[in-house]
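Here are some notes for a colleague who is opening this model for the first time. Please keep the structure in view while reading the points.

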Amino acid sequence: VSKERAPDCYLKVNFDNFKTFKTETIKDSLQPSWDKTFPSEGGLSFRYTTSGGGQAWKGNATPQQVQALSLWMSKKVLEVQLWNSNFLSDEHIGDCTIDLLTLCTGPATYTLNFRDSRGSVS
């Protein structure tokens with residue numbers, strides 16, 4: 001990232017190769033936010049439905065079925081990459097991943113910390 005000015009950041013989002021997209025670029029910002037990009041949804045969001053998952057969470061599944069679904073969901077990941085838009089070539093700043101099980105069973109809002117190629121938190 002250039003030391004002269006703040007980066008022009010955008011996100012590349014990949015949900016387990018099921019859905020991928022790129023956000024708009026937030027120019028000249030050290031603290032970019034994409035909340036205004038998706039105002040009707042309250043931030044960056046999309047819907048993903050699994051077949052058979054509803055039965056497990058409604059209590060209509062055996063413990064083995066719930067365990068199998070939980071294992072399957074823990075292997076599905078959301079990957080978010082943070083990029084700096086440059087004139088000649090864009091620069092990868094960092095990335096983070098979170099599994100579907102955590103997304104489905106955890107809090108409604110997440111703060112994701114990006115790690116650069118050296119593993120440092122950005």
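1. Start with D16. In this predicted model, D16 is partly exposed, with a relative accessible area of 27%. D16 sits in the loop between strand 1 (9–15) and strand 2 (19–22). The backbone there deserves a look: D16 is not a glycine, yet its phi is positive, about 50 degrees. The loop is the turn of a hairpin, as strand 1 and strand 2 form one with 3 residues between them. Why is D16 called partly exposed? Because its relative accessible area is 27%, and the partly exposed class runs between the 20% limit for buried and the 50% limit for exposed.

2. D28 raises a similar point. Its phi is near 50 degrees, again a positive value in a residue other than glycine. D28 is found in the loop between strand 2 and helix 1 (53–57). The relative accessible area of D28 is 48%, so this residue also counts as partly exposed.

3. Now the overall layout. The protein has 3 helices and 4 strands. Read from the N terminus, the elements run β-β-α-α-β-β-α. Of the 122 residues, 29% count as buried. Among contacts with a separation of 6 or more, 42% come from residues 24 or more positions apart.

4. The sheet comes next. Its 4 strands form an open sheet in the order 2-1-3-4, with antiparallel pairing. Strand 2 and strand 4 are the edge strands, and each pairs on one side only. From one strand to the next, the twist averages 15 degrees. In general, strands of a sheet pair through backbone hydrogen bonds, either parallel or antiparallel.

5. Take the pairings one by one. Strand 1 and strand 2 run antiparallel and are joined by 4 bridges. One residue pair to find here is K12 with its bridge partner K22 in strand 2. Strand 1 is also joined to strand 3 (77–84), by 7 bridges and again antiparallel. Across that pairing, Y10 stands opposite W83, and F15 stands opposite L78.

6. How many bridges join strand 3 to strand 4? There are 8, and the two strands run antiparallel. Q81 has D95 in strand 4 as its bridge partner. Strand 3 and strand 4 form a hairpin with 6 residues between them. Strand 3 is mostly covered, with 6 of its 8 residues buried.

7. Which residues make up the aromatic pair? The structure holds 1 such pair, and Y10 and W83 form it. The rings are stacked, at 6.5 Å centre to centre and 10 degrees between the planes. The pair links distant parts of the chain: Y10 is in strand 1, W83 is in strand 3, and they are 73 residues apart. Y10 and W83 are both buried.

8. Two lysines belong in the same view. K12 lies over the face of W83, 4.2 Å from the ring centre. K22 lies over the face of Y10, 4.4 Å from the ring centre. Recall that K12 and K22 are bridge partners, and that Y10 stands opposite W83. Displaying these four residues together ties the strand pairing to the ring contacts.

9. Turn to the nonpolar core. The largest one has 16 residues. Those with the most contacts inside it are L11, W34, L78, V80, L82 and F114. The elements that give two or more residues to this core are strand 1, helix 2 (63–75), strand 3 and strand 4 (91–99). Strand 1 gives the most, with 4 residues. In soluble globular proteins, nonpolar side chains tend to be buried together.

10. Finish with W34. What is W34 in contact with, leaving aside its neighbours within four places in sequence? The list is C9, Y10, L11, T23, E24, I26 and L82. Two of these names, L11 and L82, also appear with W34 among the core residues with the most contacts. Y10 in that list is the residue stacked with W83.

Key:
Residues numbered from 1 in each chain as written. Predicted model: local features only at pLDDT ≥ 70, side-chain atom pairs only at ≥ 80, totals over all residues. Heavy atoms only, no water. Buried < 20%, exposed > 50% of the residue type's maximum accessible area, 1.4 Å probe, protein only. Core = buried A, V, L, I, M, F, W, Y, C linked by side-chain atoms within 4.5 Å. Contact = heavy atoms within 4.5 Å. Pairing = 2+ DSSP bridges. Axes fitted to C-alpha atoms, helices over the stretch in contact; angles between N-to-C directions. Phe/Tyr/Trp six-rings, centres within 6.5 Å; stacked < 30°, edge-to-face > 60°. Lys NZ or Arg CZ within 6 Å of the ring centre and 35° of its normal.
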